[in-house]
Amino acid sequence: MDSRTKGKTVMEVGSDGVAVITLINPPVNSLSFDVLYNLKSNYEEALSRNDVKAIVITGAKGKFSGGFDISGFGEIQKGTRKEPKVGYISIDILTDLLEAARKPSVAAIDGLALGGGLELSMACHARISTPGAQLGLPELQLGVIPGFGGTQRLPRLVGLTKALEMILTSKPVRAEEGHSLGLIDAVVPSAELLTTARRWALDIVERRKPWISSVLKTDKLPPLGEAREILKFARGQTRKQAPNMKHPLMCLDALETGIVSGPRAGLEKEAEVGSQVISLDTTKGLIHVFFSQRGTVKVPGVTDRGLIPRKIKKVAIIGGGLMGSGIATALILSNYPVILKEVNEKFLEAGIGRVKANLQSRVRKGSMSKEKFEKTMSLLKGSLDYESFRDVDMVIEAVIENISLKQQIFADLEKYCPQHCILASNTSTIDLNKIGERTKSQDRIVGAHFFSPAHVMPLLEIVRTNHTSAQVIVDLLDVGKKIKKTPVVVGNCTGFAVNRMFFPYTQAAMFLVERGADPYLIDSAVSKFGMPMGPFRLCDLVGFGVAIATATQFIENFPERTYKSMIIPLMQEDKRAGEATRKGFYLYDDKRKAKPDPELKKYIEKARSMSGANVDPKLVKLSEKEIIEMTFFPVVNEACRVFAEGIAVKAADLDIAAIFGMGFPPYRGGIMFWADSIGSKYIYSRLDEWSKTYGDFFKPCAFLAERGSKGAPLSAPVEQARSRL
Ligand SMILES: CCCCCCCCC/C=C/C(=O)SCCNC(=O)CCNC(=O)[C@H](O)C(C)(C)COP(=O)(O)OP(=O)(O)OC[C@H]1O[C@@H](n2cnc3c(N)ncnc32)[C@H](O)[C@@H]1OP(=O)(O)O
């Protein structure tokens, strides 16, 4: 393959008169422009050759196609590639050349047919797949729409309601379901895929099988009035669930046009909308997230050394509290045998009970069978001592945040665990070097920082010290992948990446409220911005005990830039400690529904008098935009520090940490991406101004000041980071 081209297709014509065209673009046979243009010329040749009666399209190495080459969108956005004429691929190639051809095409689908891959197969006259194939249109997740005919052909093949479900949720279906839906014509074992597809194609030629153009089908479409009602409902749901995104509604417009005005008009609308969405900011953000998420496992100096992850056959967890039991749940769910150690029978029973409850909730929701529950639970063994640790490959300590206790545990682990065993701590604040001080095992000590609830939250911060070996990181990255977490490798410091970013966010909110801003308006503005909830609702959820403990760590470690507010401690004194006590910033009813509490004023006023702050008329009347700036620019500031210190190796890792650890909206691309979309100059100037008026909490760090003064992007690599990695 020419190194400048990305992928190709090859065509082989058999003596049976079938031309087999194979998509080749490892690793997922994505449809790059090169693949698509090659496919077009293969088609033209196949259609003009007298020895070709029919065509079969397949993908190399057990994968049909993972869809359009996503990097192509980036090239169009950056202007490094000119977008082809609107509709060139979906109408000129897939509809007019392929689907309307005088020779039939059959798609032979192995592995996956996603996005443009499934759309290419739907332009064929039949689809044969293997049992494991995944079929889906996940484009909306990337901010684009199924723009290779998917908005028109999927509803015509599977019906409008199912098509909407598949498109709006981005979730694929398996081959068997695809078969019963009418998306797949036959499911056959891998070894028979090509022969079946070839025969099917010849059968179409000989009229033994129907010659179906999906785009012309109407039998699965509901009557017009009903279709309009279904689409109206879908629009309402979409507006509610994705209020800050335009592309899902634009996609529905394309669907509706096809149903109301016919498939040709639908294809044209789809092409027009498909081209427009590429330049939306939300699309740029989502595409950045796609590649950044995959980029977190590429750690310079670690994953580029050819190290192979060692097999982790058994894991031990110390501590069966909320974190320990959540981690144990995540591990057994991915088939790791786990030993859970506690200090006494009572705690052990409670820990195992928590794991059980985590799994039972899945059984109740129907996402886990009773048999699977039993099988999964059988992977968990309890223990009160270290005897059973003699053959474990990894230990994760998840006890309370107490340095001397952790030091003792790690000294014990060194005695009982095998030499190769990874010694991980789930600490969220304590220096790992201190934890390992009483051992000689610094090279295998690492942080495995999970987020609560650990079996649900998708992020895993892998924390390494100057001594942690590259092999240990590679091993933990592999475990992270197996337990379906997005890992981010960070350096050792108080709060690592996520908690360091989280902290200024809640502090800024307290600062504003002490100066007269309405906490409920702040929560509402932040939710509208796209966070799952506002900072006050979040404090209630986490509980004030945890909030105070974390705050103490930050006040101790970063005194010059912490804003000390007494609001939470004052409420805690009155035994209102958040959602668990039914009272915090909000009041909670039996169904845990939050409602504002007029009493809150009392605590705010008291805290205000204690800190000597005054109500500031300007801050009382902040617009939503100003609220977002005053709560999130301090987060950007801290993210810049984390980046400049080398705690994160890439700005994109902070984007992922913010999205998966804080709930930052993915369509804004993550914290650094968002900051760059606003511009470093503006962010710097705002923080600088606030720091002059309101103090050092807002003071821009040196990194931000330097980049801000030039208007340079914050995400550009740090040249000589004092890397702690
Ligand atoms: C024309 C004008 C406009 C016209 C208008 C536009 C209309 C467009 C219509 C069509 C749009 C689309 O098809 S959009 C694409 C729709 N497809 C998708 O969303 C699928 C995205 N991919 C995935 O979900 C997953 O990667 C999946 C395929 C399941 C494989 O998962 P795995 O865990 O096995 O592997 P991963 O680590 O995720 O991926 C392996 C590597 O492959 C890369 N990769 C995966 N899918 C890729 C893809 N579609 N394009 C590029 N690269 C891809 C990843 O970046 C990784 O790269 P490295 O990290 O370097 O190894």
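Start with the whole chain in view: it carries 30 helices and 19 strands. The radius of gyration is 28 Å, close to the 27 Å that the globule rule gives for 725 residues, so the protein chain is as compact as a globular protein of that length. Keep in mind as you click around that this is a predicted model.

**The whole chain**

Turn the chain along its principal axes, and the C-alpha atoms fill a box of roughly 85 × 65 × 55 Å. Colour by accessibility next: buried residues make up 57% of the 725 residues. If you draw a contact map, look away from the diagonal. Among contacts with a separation of 6 or more, 74% link residues 24 or more positions apart.

**The eight-stranded sheet**

Now select the strands from β10 to β17. They form an open sheet of eight strands, and the order to trace across it is β12-β11-β10-β13-β14-β15-β16-β17, with mixed pairing. Which strands stand at the edges? They are β12 (380-383) and β17 (486-491); each has a single partner strand, so one side of each is left without a neighbour in the sheet. Step from one strand to the next and the twist averages 25 degrees.

Zoom in on residues 315-318 and 394-397, which are strands β10 and β13. This pair runs in the parallel sense, over four bridges. Show Ile 318 as sticks and look across to β13, where Glu 397 stands opposite.

**An annotated span**

Widen the selection to residues 314-492. The UniProt record, an unreviewed entry, lists this span as "domain: 3-hydroxyacyl-CoA dehydrogenase NAD binding". By secondary structure, residues 314-492 are 40% helix and 21% strand. Put a distance label between the end C-alpha atoms of the span and you should read 26 Å.

**The three-stranded sheet**

Next, pick β5, β7 and β8. In that order they make an open sheet of three strands, again with mixed pairing. The edges belong to β5 (112-114) and β8 (173-174), each with a single partner strand, so one side of each has no neighbour in the sheet. Add residues 116-123 to the selection: this is helix α4, which packs on the sheet and touches β5 and β7. The direction of α4 makes about 95 degrees with that of β5.

Follow β7 (residues 134-136) across to β8; the two strands run antiparallel and are joined by two bridges. Leu 135 is a handy marker here, standing opposite Val 173 in β8.

**The nonpolar cores**

Time to look inside. In soluble globular proteins, nonpolar side chains tend to be buried together. The largest nonpolar core here has 99 residues, and those touching the most other members are Phe 389, Val 395, Leu 413, Phe 585, Phe 632, Leu 654 and Ile 671. Which helix gives this core its largest share? Select residues 624-644, helix α26, which supplies eleven residues.

Centre the view on Phe 632. Leaving aside residues up to four places away in sequence, its contacts are Tyr 505, Val 526, Phe 529, Met 531, Phe 664, Ile 671 and Trp 674. A second, separate core has 70 residues, including Met 11, Leu 97, Ala 113 and Ile 259.

**Last stop: Arg 4**

Finish in the segment before β1 (8-13), where Arg 4 lies. Is Arg 4 buried or exposed? Its relative accessibility is 73%, so Arg 4 counts as exposed. For a final distance label, pick the C-alpha atoms of Arg 4 and Gln 360: they are 356 residues apart along the chain and separated by 53 Å.

Notes:
Residues are numbered from 1 along each chain as its sequence is written. This is a predicted model: local features need pLDDT of at least 70, side-chain atom pairs count only at pLDDT 80 or more; totals for chains, interfaces and linings use all residues. Side-chain values use heavy atoms; hydrogens and water are left out. UniProt positions are given in the numbering used here, feature names are shortened, and annotations may be inferred rather than shown by experiment. Two strands pair if DSSP finds at least two bridges between them. Contact means heavy atoms within 4.5 Å. Axes are lines fitted to C-alpha atoms, for helices over the stretch in contact, and angles run from 0 to 180 degrees between N-to-C directions. A nonpolar core is a set of buried Ala, Val, Leu, Ile, Met, Phe, Trp, Tyr and Cys residues joined through side-chain atoms within 4.5 Å. Buried means under 20% relative accessible area, exposed over 50%, partly exposed in between (1.4 Å probe, protein chains only). The radius of gyration is taken over C-alpha atoms; the globule rule is 2.2 Å times the number of residues to the power 0.38.
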